[in-house]
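Good morning, colleagues. I should like to take you through one structure, beginning with a helix and moving on to the sheets and the core.

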Amino acid sequence: MKKYRSFTLKQYSWSLDEANGKIRIGQKWYRYFKSRNIEGKVKTVTVKCDLLGDIYVYLCCDIQCEAVKFRSGKSVGLDFGLKKFLTASDGNDIESPDFFALNAKYISTAHRKISRKKIGSGNFERARLELSRAYKKLTNQRKDFHFKLAHILCSEYAVICLEDLNVKAMLKRWGRKIQSLGFSYFVKILLYEAEKFGTRIIFIDRFYPSSQTCSECGYKNKAVKNLNVREWDCPKCKAHHDRDRNAAKNILRVGMATLLQENQCLMARLATRHQ
Ligand SMILES: [Zn+2]
């Protein structure tokens with residue numbers, strides 16, 4: 001199995017005995033533990049083996065599902081950050097969970113251990129497994145955190161506005177650290193959850209200066225470009241701003257304007273069609 005890592009089974013080379021929790025691969029039957037119920041018609045079966053030697057069977061199924069219509073309700077603007085995972089325009093911020101920092105320590109210890117071992121030795125193999133286990137734990141915890149958060153956000157809000165950050169822009173903003181927080185991965189999960197809830201996700205242009213614009217009067221304050229400025233007063237309207245909260249408010253405002261524009265275009269198209 002280790003030789004392959006991953007392979008997809010051809011038709012008839014597998015069969016499923018759901019009642020007894022067994023799957024036949026080739027000539028042999030294997031027991032399995034399911035992570036969720038199998039729905040619909042199984043299309044493909046892929047077998048994967050991770051670095052720890054755990055084996056996973058992925059069933060890709062065809063399910064009939066109805067498209068969920070967009071619903072109405074509360075809207076929010078969200079700004080990604082390092083200290084706070086998300087700053088919300090309405091104050092419902094999400095802190096970064098502690099396990100990221102805890103695991104980083106564990107992982108660096110595991111790396112140090114492996115570097116002292118002789119490659120190919122039994123001790124090396126044990127250290128390698130320990131390192132893989134540490135990474136796997138972190139990945140699982142992060143995934144769990146992302147799914148739970150996406151679920152909460154999509155059930156709470158009908159419209160969520162975000163900055164359309166690409167990886168390059170994020171690296172420029174925060175450096176290497178973003179990799180441990182996996183924002184782009186979170187956005188993917190958020191889009192997936194939003195479809196189930198009928199929540200609209202709106203991305204605003206990443207070149208819009210959301211941090212520098214005063215959310216009260218629209219004045220653009222170049223001094224806020226400096227990332228060390230955490231709080232500032234608007235020179236024009238004298239409003240006091242928290243950097244991230246102000247950005248989140250702008251993201252919401254621009255996002256809602258984008259949505260309105262989209263709807264107007266749609267209405268105009270429908271009107272011409274009926275003429
Ligand atoms: Zn202002």
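Before the helix, one definition: a residue is called buried if 20 or more other C-beta atoms lie within 10 Å of its own, exposed if 12 or fewer, and partly exposed in between, with the C-beta atoms placed from the backbone. Please bear in mind that this is a predicted model.

With that criterion, the buried residues in H5 include Phe183, Phe186, Leu190, Glu193 and Ala194. They cover an arc of only 105° around the axis, and therefore lie on the same side of H5. As for its length, helix H5 runs over residues 183-197, and at 1.5 Å a residue its 15 residues should span 21 Å; the end C-alpha atoms are 21 Å apart, so the two values agree. After H5 comes glycine 198, with a positive phi near 75°.

Let me turn to the sheets. One is an open sheet of 5 strands in the order S9-S8-S7-S10-S11, and its pairing is mixed. At its edges are strand S9 (94-95) and strand S11 (200-204), each of which pairs on one side only. Within this sheet, strand S7 (residues 75-80) and strand S10 (residues 159-163) are joined in the parallel sense over 3 bridges, and glycine 77 stands opposite cysteine 161 in S10. Helix H6 (residues 243-274) packs on the sheet, where it touches S7, strand S8 (84-88), S10 and S11, and its direction makes about 130° with that of S7.

Which residues have the most contacts inside the largest nonpolar core? They are Leu78, Ile160, Cys161 and Ile251, in a core of 24 residues. Two or more residues each come from S7, S8, H2, S10, H5, S11 and H6. Leaving aside neighbours within four places in sequence, leucine 78 is in contact with Leu86, Ala88, Ile160, Cys161, Leu162, Ala248 and Ile251.

There is also an open sheet of 3 strands, ordered S1-S5-S6, with antiparallel pairing. Strand S1 (6-8) and strand S6 (55-62) each have a single partner strand, so one side of each is left without a neighbour in the sheet. From one strand to the next, the twist averages 20°. Strand S5 (residues 41-49) and S6 pair over 8 bridges in the antiparallel sense, with lysine 41 opposite aspartate 62 in S6.

Finally, a residue in helix H2 (residues 122-156): isoleucine 152. Is isoleucine 152 exposed or partly exposed? Isoleucine 152 has 13 other C-beta atoms within 10 Å, and is therefore partly exposed.

Definitions and conventions: Residues are numbered from 1 along each chain as its sequence is written. This is a predicted model: local features need pLDDT of at least 70, side-chain atom pairs count only at pLDDT 80 or more; totals for chains, interfaces and linings use all residues. Two strands pair if DSSP finds at least two bridges between them. Helices (H or I, at least four residues) and strands (E, at least two) are DSSP runs, numbered from the N terminus. Two residues are in contact if their C-beta atoms, placed from the backbone, lie within 7 Å. Axes are lines fitted to C-alpha atoms, for helices over the stretch in contact, and angles run from 0 to 180 degrees between N-to-C directions. The expected span of a helix is 1.5 Å times one less than its number of residues. The arc is that of the directions from the helix axis to the C-beta atoms. A nonpolar core is a set of buried Ala, Val, Leu, Ile, Met, Phe, Trp, Tyr and Cys residues joined through C-beta atoms within 7 Å.
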